[in-house]
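Trainee: I am new to this structure. Can we go through the terms and see what earns each one?
Mentor: Gladly. Have a look first.

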Amino acid sequence: MEISKDHPRYRSLVTREHMGEMVREGIVAPTGLIAHGRGEAFDYLIGERTTTEAQGAERAAVALLMGAKRPVITVNGNAAALAAKGLADLARLTSSKLEVNLFHRSEERVQKVCDYLEEQGGIRVLGRVPDATLPHIASDRAKCTLEGIFSSDVVLIPLEDGDRAMALKKMGKKVIAIDLNPLSRTSLAADIAIVDELTRAVSGMLAFAKELRLDPKERERALASFNNHENLAITLEGICQNLRRRARSV
Ligand code: PTJ
């Protein structure tokens, strides 16, 4: 479909077309489009921009990944479709492993998402052959690798459901979420919830990774000054303020 560049929602429409194509290719699950729509709705309320709170969370998240012993970035269909290259660059800059872990799991889809990520990101990806099982998860999403998620100490989970976020916490891991919904169980369970659109969050994190790479003191400061629940509360207050402003102008 031809989309005019003058359309006020050009970027959103182009992304929707891309997500539709990714469903046809078997990378994104059909219900991934619903998850994407929910994300768009929250982004609308946030103002479709990276807030100061999201920046603070992105900075702290990079500091946590860089200080970790075995950091892992998990990737599902939506995350691969939206930010394969950026996530691979982030893995390289923070010495993290990338592992594909799907909710709507089929062998064929796992191979497709792994192939896509390796092709776009130019990096080896874990997850093709799971050899470990996460406790406290009933679904196929428990399947993971010993080398990756199972033995990780810090996990970045973009666009995750609450059950797995909580299961990872129960295993004693530090969890970083990227989720536009500040009320989700994932955002609340995470040690660091980045309430920002995935592609904006990843590009912010790449910039912070370059800044913090050679500065361990600044990494410590970024982590020490971060409080997840406080940050989420300010984010929610920001949404309320946006809505009050809009209510006055209608
Ligand atoms: O590829 P699979 O099979 O592993 O399935 C992936 C989905 C995303 C379908 C699955 O994990 C799922 O159903 O997720 P949920 O529970 O709908 O949660 C997704 C969360 O991500 C929601 O809170 C959305 O608001 C949020 N979200 C959606 N798109 C974006 C987003 N957050 C940041 N950036 C986005 N682009």
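**The ligand and its pocket**

Mentor: In this predicted model, 23 residues surround the ligand, and the closest are Gly77, Phe103, His104, Arg109 and Asp179.

Trainee: What makes a residue one of those that surround the ligand?

Mentor: One of its heavy atoms must lie within 4 Å of the ligand. Asp179 has a polar side-chain atom 2.8 Å from a ligand oxygen. That is within 4 Å, so Asp179 belongs.

Trainee: Why is the approach of leucine 159 to the ligand called a polar contact?

Mentor: A polar contact is a pair of N or O atoms within 3.5 Å. A polar backbone atom of leucine 159 is 3.4 Å from an oxygen of the ligand. The pair is within the limit, so the name fits.

Trainee: And what makes the approach of leucine 198 a polar contact?

Mentor: A backbone N or O atom of leucine 198 lies 2.8 Å from a ligand nitrogen. The cut-off is 3.5 Å, so this pair counts too. As for cover, the protein hides 93% of the 740 Å² of accessible area that the ligand has on its own.

Trainee: How do you know that the ligand sits in the largest pocket?

Mentor: The test asks for more than half of its atoms within 2 Å of the pocket's grid points. The ligand is assigned to the largest pocket, so it passes that test.

Trainee: What lines this pocket?

Mentor: The space is about 1200 Å³. Its lining has 46 residues, with Ala35, His36, Gly39, Asn78 and Leu159 nearest the centre. By class, the lining holds 15 nonpolar, 16 polar and 15 charged residues.

Trainee: Which helix gives the most to the lining?

Mentor: H2 does, with nine residues. H2 also gives the most to the shell around the ligand, with five. That shell has seven nonpolar, eight polar and eight charged residues.

Technical notes. Residues are numbered from 1 along each chain as its sequence is written. This is a predicted model: local features need pLDDT of at least 70, side-chain atom pairs count only at pLDDT 80 or more; totals for chains, interfaces and linings use all residues. Side-chain values use heavy atoms; hydrogens and water are left out. On a 1 Å grid over the protein atoms alone, a cavity is a set of points where a 1.4 Å probe fits but cannot get out, and a pocket is an open set with protein on both sides within 12 Å along at least five of seven lines; lining residues have an atom within 4 Å of a point. Grid points are joined across faces, edges and corners, and a volume is the space filled by probe spheres set on the points. Helices (H or I, at least four residues) and strands (E, at least two) are DSSP runs, numbered from the N terminus. Ala, Val, Leu, Ile, Met, Phe, Trp, Tyr, Cys and Pro count as nonpolar, Asp, Glu, Lys and Arg as charged, and the others, Gly among them, as polar. A polar contact is a pair of N or O atoms within 3.5 Å; within protein, one must be able to donate a hydrogen and the other to accept it, and residues adjacent in sequence count only if both atoms are side-chain atoms. Accessible areas come from the Shrake-Rupley method with a 1.4 Å probe; for residues, only the protein chains shown count as cover.
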